[in-house]
Amino acid sequence: MAPTEPIAYLDNAATTRVRPEAIAAMIPAMEASYANPSGAHALAREARRAVDDARDVLAEALGCGPGDIVFTAGGTEADNLAVFGVHQRHGGVIVCPATEHHAVLHAVEHCGGRVVGVDSMGVVDLDAFSDALDPSVTLVSVMLANNETGVIHDLDQIAAIVRDRAPGALFHTDAVQAFQWVDVAAAAASADMISLSAHKFGGPKGVGVLAVREGVTLAPQLIGGGQERDRRSGTHNTPGIVGMAAAAAATVRTRTRTVLEVGAMRDRLADGLCATIDGAIETAVGGRDDRPAGGDRGNVDRSNKVAGSCHICVDGVESEALLFLLEEERVYASAASSCASGAQDPSHVLAAMGVSRAMARGSLRLSLGYATTEAEIDHALAVVPEAFARLRAFA
Amino acid sequence: MSRVLVAMSGGVDSSVAAALLQREGHEVVGVTMKLWGGASDTGCCSVSDVDDARRVADALGMDHHVFNFGDDFERWVVGPYVADHQAGRTPNPCIECNRHLKFDRLVRRAEALGFDAVATGHHARIVDDGSGTRFVGRGADRAKDQSYVLHMLDQDQLARLLFPIGAMTKPDVRALAAEAGIRTAAKPDSQDVCFITSTSGRGAFLSDRVELTPGRVVDTAGTEIGRVDAVQLVTIGQRRGIDIGGHPDRRYVVDVDVGAARVTIGPKADLSCESTALVDLAWTAGRVDGDVLAQTSAHGEVAAGAVRGGDLRWSAPHRRVAPGQSVVLYRDDAALGEIVVGGATAA
């Protein structure tokens, strides 16, 4: 059996290793604070305090009030709650870009909403977006950072168009991929609702947040005991919530340094791969795109992407085969999103950006995280070009 | 020991194939091809079939991967399947899937990934004539024999293929699976075309993609005696499903002309032919002169004939083979058993 311990774990956009701070916080939440936070006795109040302490941490991190925080079972539930919750309460038309995560995109399509195209850099086409808005629109959902390409949206710019063209519409952002890298409290200050998922920033799986600013009303999608101010029923996942808060606090505390350090590693990785892989095109980067031999990539501008994202496409190579070879070298990465069977599906994000199917078939997403080390980058640089070369030889 | 990629459909045959290779000491990796994203109830790539394959691989302690060949499946199997019906031919999509997906796309990828061989759970054998030339031979379980759908394999492919259960009967395969604790031991055999659901059928599938045209049913004298809803769904030799009112003798479809929207029916005698024109004739190991045995459907009877030029001359009058169907040529070599020597498509 192949060894499974990675030498280079470069799939942090899929999920991150749980931070030690989160694990340390979760164990007492299971061993001691095990009571139901909605209960009346002292032990319940202790659990309630742990949940509310976590609520304060998330509110601070997202720039909203503690009462705005709705704990969910993850990013998908948060996105679904925003889209379906608004649609059921307010009706009307929902608008989103074609590059949204499926948790938003499929929900919007399910509600018969409008999907707007993006440009070749993965940014929503502002003219088409403006045209898609009118007073019938009740919700606009635009992700802060894209899960495949790492491209960041300027939400203030988008919010201004929403206020102008559809003043009654609510504005939601899926910040699931952004939180590790971006000060979401500042970047999403203009949003009425913000989705987060703990496991993308060192928290556990199965827990997330929808921040719902005061005054925003939506129909609950889970009905029962009336927890979370009737916005999301269900007994609180105390260990998950506590672990998420610990991870969020650690993320915010170290974010500036992490962005600098990981950003430099990402640049080294991307520059190195583009210099050594024949025909490699780095996705959605600005600046000069001609790559002279020798790897001089000084003019490449990646300021439009999160620091952990390295995404390249190579014509004539198949991602699936590439990932297989990389796994043998214990480099764990991904291409696009995975479907239910575990097969790689063609990327709807790259298609929306106008990347040809042939190029998109050869996409590779290497996503770095807070725990990524220089040694992992060294290993990736040593084996990834070789894997491409091998597949090229058999193409 | 060699490194073998085993194609696992999630069924018992390929599960046992994987287990046998592992017992022989090979380094085995399982793969399931994801071919079809639409509705499927008997296919080899539904999520539950992939789950079965993955869990069998887990239990055997081997790695398992999923390869998405959906684009290729559409291009080489589904698209031509639809086009053939539009042209009045009767395609065999399983053969095209073997030709283009399993034994081309998958075998080439396995080579690129450094595998020495690809194995499948087909009931067939690879036999060597002693001089290094390989042939596909009948599976030991004649009722389950799949050599018919493997007729396209050439020497290069046969050199890197393994059919580990070809020498076993189906009951033996199931017994081995049960004894080894393989969870698919009692899973029913897959049937029919994987991308067509048993609930809505071929007509519904085709009508989603092309316009099906109603047609006239005429007798061999050209007199109209009935109608059909979709001339594209009619096959030569068909008897059921054609409404021609009461007729004293059994009548069969003897001709289908999609362009003219006309189905001709006649007595059984009109279905007989002396020869069948062959196109895309391919030999397993070079042209075979003289007599052959020919099989014209997956589990059909074998009849004697001889290849002359581009035709197969039947030794005795033979029921006509629908255009698009495969004609697989065998020889009963005493030493090698009954082996495939070539295959072609009926013109």
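Which residue in β6(A) is the bridge partner of A:Val140? Select A:Phe171 and you have found that partner.

Before you click on, note that this is a predicted model, where local features need pLDDT of at least 70, side-chain atom pairs count only at pLDDT 80 or more, and totals for chains, interfaces and linings use all residues. Residues are numbered from 1 along each chain as its sequence is written, while chains are lettered from A and ligands numbered from 1 in the order in which they are written.

**Stop 1: strands in chain A**

Select residues 170–174 of chain A, which is strand β6. Helices (H or I, at least four residues) and strands (E, at least two) are DSSP runs, numbered from the N terminus. Now add β5, residues 137–141 of chain A: this strand runs parallel to β6(A), and 3 bridges join them. Two strands count as paired if DSSP finds at least two bridges between them. To follow the chain from β5(A) to β6(A), go through helix α6 (residues 155–165), and you trace a right-handed β-α-β crossover. Right-handed means that, with the strands pointing away from you, the path from the first strand over the helix to the second runs clockwise.

Next, add β7, residues 193–197 of chain A, which pairs with β6(A) in the parallel sense over 3 bridges. Look for A:Thr173, which stands opposite A:Ile194 in β7(A).

Turn on the side chains of β6(A): A:Leu170, A:His172 and A:Asp174 point one way, and A:Phe171 and A:Thr173 point the other way. Because 5 of its 5 residues are buried, β6(A) is largely enclosed by the rest of the structure. (Buried means 20 or more other C-beta atoms within 10 Å of a residue's own, exposed means 12 or fewer, and partly exposed is in between; C-beta atoms are placed from the backbone.)

**Stop 2: a bent helix**

Select residues 238–276 of chain A, helix α8. This helix has 39 residues, but its end C-alpha atoms are only 48 Å apart, short of the 57 Å that a straight helix would reach at 1.5 Å a residue. (The expected span is 1.5 Å times one less than the number of residues.) Zoom in on A:Arg255, where α8(A) bends by about 65°. That bend is the angle between axes fitted to the seven residues ending there and the seven starting there.

**Stop 3: where chain B helps out**

Go to helix α9, residues 319–328 of chain A: 7 of its 10 residues are buried, so it is largely enclosed by the rest of the structure. Among the buried ones are A:Ser319, A:Leu322 and A:Phe324. What covers them includes α12 (374–394) of chain A together with β3 and α4 of chain B. Just after α9(A) comes A:Arg330, with a positive phi near 60°.

**Stop 4: a helix in chain B**

Hop over to residues 70–86 of chain B, helix α3, which has 17 residues and reaches 22 Å from its first C-alpha to its last, close to the expected 24 Å. Find B:Pro80, where α3(B) bends by about 30°. Its buried residues include B:Phe73, B:Val77 and B:Tyr81, and the cover over them includes β2 (27–34) and α7 (201–209) of chain B. B:Gly88 follows α3(B) and has a positive phi, near 80°.

Finally, show the whole of chain B, with its 7 helices and 17 strands. Buried residues make up 45% of its 347 residues.

Terms used
Contact = placed C-beta atoms within 7 Å.
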